Amino acid sequence: MKIDAISVFPEMFDSLNQSLIGKAIENELIEFQTLNPRQFTSDVHKTVDDSPYGGGAGMVMKPEPLGKALDSLVDSDSVIIFPSPAGKLFDQATAKDLATRQHLVFVCGRYEGIDQRVVEYASTKAETLELSIGDYVINGGEMASVVMIEAISRLIPGVIGNSDSLIEESHEDGLVEYPSYTKPASWNGLDVPEVLLSGNHAEIDKWRKLQQIDRTKKNRPDLI
Ligand code: 6GU
């Protein structure tokens, strides 16, 4: 899969070079690149933002540099993603769908956002999504893109060595994951639940499912 991120802060994507996603980039399972829209400006200050029409706080990303950046990357097989707190919620189902695509382009806004015509323009060129990572606000699309890229990339075959670990995890069956334990069996007066030491796999499976249901009821009643 090819992934591009259009951003005025390309260094914010450096964390993707670590761990399993970093390996996948190294092994060319994923081809990841950033593109700075400042390179598509023509004024000496390389201006990428301006004040909002209609007034209001903050600055808005100008359409021309982002439009040219899109022109340089996108074809009709691309999926263009605008991270935005005003977008649809990005969830595991979205991640699964996007993991099957050939080319993803993340367009990162800073400041108060992006001129909405860029989204309209993008949708004339390829499938376009506005996606939010949750009900809170962060300062720009970069870290939201990193979150989405990690969630998507780990579902690409070969990125995670042990694909079993993808089956038994949170949100796979509409419930959150069961708790995990490792050695020692007793630590600071706290014991690993007896059943996990029993070797009885039917009992262990039953216990884990109950834990999933309890945890989901307690932490995520919205999922029940
Ligand atoms: Cl995608 N961007 C920003 N700036 N804030 C967010 C978000 C995205 N998702 C939730 N909050």
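Here is a short chat about the ligand site in this predicted model.

Modeller: Before we start: residues are numbered from 1 along each chain as its sequence is written, and side-chain values use heavy atoms, with hydrogens and water left out. Since the model is predicted, local features need pLDDT of at least 70 and side-chain atom pairs pLDDT 80 or more, while totals for chains, interfaces and linings use all residues.

Colleague: Happy with that! What makes P83 one of the residues around the ligand?

Modeller: A residue is near a molecule if one of its heavy atoms lies within 4 Å of it. P83 is listed around the ligand, as are S84, P85 and others.

Colleague: Why is the pair between Y136 and the ligand called a polar contact?

Modeller: A polar contact is a pair of N or O atoms within 3.5 Å. A polar backbone atom of Y136 is 2.5 Å from a ligand nitrogen, so the pair qualifies. I133 also has a backbone N or O atom 2.9 Å from a ligand nitrogen, and so does I138, at 2.9 Å.

Colleague: How much of the ligand's own accessible area does the protein cover?

Modeller: The protein covers 96% of 290 Å², by the Shrake-Rupley method with a 1.4 Å probe.

Colleague: What makes eight shell residues nonpolar?

Modeller: Ala, Val, Leu, Ile, Met, Phe, Trp, Tyr, Cys and Pro count as nonpolar, Asp, Glu, Lys and Arg as charged, and the others, Gly among them, as polar. On that basis the shell also has four polar residues and no charged ones.

Terms used: A polar contact is a pair of N or O atoms within 3.5 Å; within protein, one must be able to donate a hydrogen and the other to accept it, and residues adjacent in sequence count only if both atoms are side-chain atoms.
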